[in-house]
Amino acid sequence: MKIVVCVNHVPDTETKIKIGADSKSIDKTGVNFMLSPYDELAVEEGLRLKEKFGGDVTVLSLGGDAHKETLRKALAMGVEKATLLKDEAVRDSFGIAKGLAEELKTMSPDIILFGKQSIDFDDAQVGTMVAELLGISSVSVVVKLTIDNGKVICEREIEGGHETVETSLPCVIQAQRGLNEPRYPSLKGIMSAKTKPIQEKPAAAGELRVESIALRKPEAKAAGRIVGTDKSAVPELVRLLHEEAKVI
Amino acid sequence: MQKFQGVDYMNVDSLLSEEELLVRNTVREFVDDNVIPIIEKHARAGTFPMDLVAKMADLGLFGSTLPAKYGCAEMNNVAYGLVMQELERGDSGVRSFASVQSSLVMFPIFAYGSEKQKDYWLPRLAKGEAIGCFGLTEPDFGSNPGGMITRAEETSDGYVLNGAKMWITNGTLADVAVVWAKLGGVVRGFLVEKGMKGFSAPEMKGKHSLRASVTSELILQDVHIPKENILPNGEGLKLPLSCLSQARYGIAWGAIGAAMACYDSALNYAKTRIQFDKPIASFQLTQEKLVHMLNEITKAQLLCLQLGRLKDSGKVRFQQISFAKRNNVYHALQIAREARSILGANGILDEYPVMRHAANLESVITYEGTHEMHTLIVGEDITGIPAFV
Ligand SMILES: Cc1cc2nc3c(=O)[nH]c(=O)nc-3n(C[C@H](O)[C@H](O)[C@H](O)COP(=O)(O)OP(=O)(O)OC[C@H]3O[C@@H](n4cnc5c(N)ncnc54)[C@H](O)[C@@H]3O)c2cc1C
């Protein structure tokens with residue numbers, strides 16, 4: 001099975017984000033970047049598919065040189081090949097999807113895995129756009145994947161329940177938490193990742209259609225208030241929840 | 001609780017390679033997920049978390065600097081040090097397990113063992129299918145191991161060992177013990193296997209320190225071992241001392257991990273604990289403690305990094321390892337005590353890691369050569385005058 005996993009390099013979830021001087025990008029100084037957590041699920045799923053069906057896994061990323069760190073992590077987890085579609089420009093989801101799709105056309109994989117969204121801009125569009133550009137089906141928010149004789153059965157998470165859908169290969173699958181528990185890269189894997197080359201190519205990315213014009217941080221949360229410390233405070237608490245917070 | 005973000009005031013990370021960082025971050029995450037959530041329970045019960053063995057082996061934490069043909073990662077010494085740092089940020093007992101397995105068991109088999117011993121034991125030890133221990137210290141010979149009483153006598157088909165070892169990490173758990181004994185007055189290494197007649201390894205109880213680590217006696221009463229179980233390539237006290245150099249190197253890094261955990265805990269606590277209507281972090285005395293901790297951690301990081309680079313280029317001297325072990329463990333212990341004071345009464349509770357680290361470090365400052373012995377090693381190195389006796 002020919003498996004491709006598309007991965008993004010995003011700020012660490014624990015980072016305290018500062019908005020840059022241009023007020024439309026973030027200040028990257030001192031920010032740790034990492035393999036986007038949903039993409040990590042996709043890498044793990046790719047490796048499991050390879051372990052089950054044979055074949056190989058390639059990771060693909062579109063972005064600057066810094067993305068190599070994330071590609072290297074995927075190689076350390078056990079992926080065989082990595083390609084970086086080099087591009088330092090500011091892109092929207094379409095631009096990235098176009099660049100990835102152009103490369104994927106030349107690779108003709110059986111299955112393309114994404115995370116359900118990357119945790120930087122949370123657009124959750126690239127995977128679906130790539131499927132559309134390639135003219136294949138796409139299933140998002142997947143928590144269980146079973147492939148049998150070319151038949152692809154996915155369980156999807158939906159509000160308040162699960163939905164089971166069926167499609168066929170080739171297709172795009174977008175991973176949701178719960179799909180698997182990603183492995184740690186082993187120390188041996190990390191050392192052997194050094195010897196696996198990262199192929200670099202210019203990206204054939206698409207033009208900007210949606211432009212980011214401003215970033216703003218959420219309002220600071222107001223300080224908490226202690227209404228009382230024993231049961232005599234309950235009536236007042238109920239009143240505040242009802243009249244001020246309006247939640248009951 | 002917020003995820004540990006590392007302590008790196010002087011951007012020491014920029015001196016690490018991409019692989020070194022990935023190794024460190026991987027083990028950091030592993031420790032956050034697998035060690036920290038369970039360790040207090042084990043420390044309280046006085047048990048070693050056995051299910052970590054397979055997980056650590058899968059990750060490749062045992063013998064990670066040894067060649068790939070034995071199933072090892074063949075990493076450099078800086079990466080190995082970073083592994084030890086992160087493990088000890090979890091617990092000194094967990095780090096001790098990995099130190100003993102890697103530096104005190106796999107290393108001597110690799111360096112002084114026969115091909116057959118290496119081929120048999122190293123892959124098993126790397127996979128965690130076999131556990132090892134290292135028996136040098138005796139009830140009456142600690143800082144002065146050259147005086148050891150344990151003896152080996154040659155027989156027609158092997159050797160007979162008699163004697164007793166004490167304070168042996170992993171002793172009760174071990175499938176193979178690297179035991180040091182005198183054969184015709186000369187120190188030699190022997191591989192004593194679990195179940196050999198006359199060999200037992202009862203656990204020592206009642207420790208207030210390293211509670212999540214097994215410490216044992218090794219009792220050897222007329223233990224017959226086959227000829228092929230002697231380590232053939234080398235003799236003399238320098239052999240066990242060379243193993244200790246490997247392990248001490250890892251301990252120098254490990255101490256940074258324990259210190260980081262204490263600093264992190266104290267800093268977070270100081271920012272949120274309110275007294276006199278202010279966070280205690282706003283008092284100058286508290287700030288001085290925090291700055292002192294950070295200062296010592298940073299110095300220890302730079303010391304270890306340079307030590308590791310020297311080791312990787314084959315230029316390190318054992319006195320330099322003593323210098324780093326001595327400094328880093330001493331300061332880690334001071335930091336643990338200072339952190340404890342910042343946490344006030346909460347500092348003695350096992351809801352926080354500080355008291356456990358402080359208690360653990362009391363062992364760490366004693367084992368693998370006491371603080372005093374390392375002082376004397378460096379003292380001799382700079383004055384030319386030995387002051388041991
Ligand atoms: C938890 C734990 C695990 C251990 N694991 C192992 C293990 O796996 N394998 C192993 O072989 N050993 C192990 N040890 C033993 C450890 O290495 C010894 O305890 C250590 O070498 C000190 O020996 P001792 O306890 O006999 O102290 P002693 O040698 O009796 O020393 C007592 C005090 O006297 C001081 N002192 C001694 N001689 C001098 C001198 N010449 N000048 C100045 N001061 C001196 C010491 O510094 C110390 O302060 C372990 C110990 C502990 C606590």
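Which residue in S11(A) is the bridge partner of Leu85(A)? In this predicted model, the bridge partner of Leu85(A) in S11(A) is Lys201(A), and that pair offers a convenient way into the sheet of chain A. Strand S11, made of residues 198–202 of chain A, runs parallel to S5(A), and the two are joined by five bridges. On another strand, S4 of chain A, residues 56–63, S5 of chain A, residues 81–86, also pairs in the parallel sense, here over six bridges. Within this second pairing, Thr58(A) has Lys81(A) of S5(A) as its bridge partner. The path that links these two strands includes a helix, since S4(A), H2(A) and S5(A) together make a β-α-β unit that is right-handed.

Elsewhere in chain A, the backbone shows a cis peptide bond between Leu169(A) and Pro170(A), with omega at about -10 degrees. Pro170(A) belongs to the loop that lies between strand S9 (161–168) and strand S10 (171–175) of chain A.

From chain A the reader can pass to chain B by way of the contact between them, in which 13 residues of chain A meet 17 residues of chain B. On the side of chain A that touches chain B, the elements giving two or more residues are helix H2 (67–77) and helix H5 (187–193) of chain A. Sorted by class, that side of chain A holds six nonpolar residues, one polar residue and six charged residues. Helix H2(A) therefore appears in two roles, as a part of the right-handed β-α-β unit and as a contributor to the side that touches chain B.

Chain B itself contains 10 helices and nine strands, and its C-alpha trace spans about 80 × 45 × 40 Å along the principal axes. Its radius of gyration is 21 Å, which agrees with the value near 21 Å that a compact globule of 389 residues would have. Ahead of the helices, in the segment before H1 of chain B, sits Asn11(B), a residue other than glycine whose phi is nonetheless positive, near 50 degrees.

The chain is divided into domain 1 (12–126), domain 2 (132–229) and domain 3 (238–383). Between domain 1 of chain B and domain 2 of chain B, the C-alpha centres lie 23 Å apart, and the contact takes 23 residues from domain 1 and 15 residues from domain 2 of chain B. On the domain 1 side of this contact, helix H1 (18–45), helix H4 (92–112) and helix H5 (115–126) of chain B each supply at least two residues, and H4(B) gives the most, with 11 residues. The class count for that side of domain 1 of chain B is 13 nonpolar, eight polar and two charged residues.

The last stop is the ligand, which is surrounded by 21 residues, the closest being Leu136(B), Gly142(B), Ser143(B), Thr370(B) and Glu372(B). Strand S1 (132–135), strand S3 (158–169) and helix H10 (371–383) of chain B are the elements that give two or more residues to this shell. Seen by domain, the shell draws at least three residues from each of domain 2 (132–229) and domain 3 (238–383) of chain B. In its composition, the shell around the ligand divides into 10 nonpolar, nine polar and two charged residues.

Terms used:
Residues numbered from 1 in each chain as written. Chains lettered and ligands numbered in written order. Predicted model: local features only at pLDDT ≥ 70, side-chain atom pairs only at ≥ 80, totals over all residues. Near = placed C-beta within 6 Å. Helix = DSSP H or I, 4+ residues; strand = E, 2+ residues; numbered from the N terminus. Nonpolar A, V, L, I, M, F, W, Y, C, P; charged D, E, K, R; others polar. Domains from an automatic or database assignment. Contact = placed C-beta atoms within 7 Å. Pairing = 2+ DSSP bridges. Right-handed = clockwise from strand over helix to strand, strands pointing away. Rg over C-alpha atoms; globule rule 2.2 N^0.38 Å.
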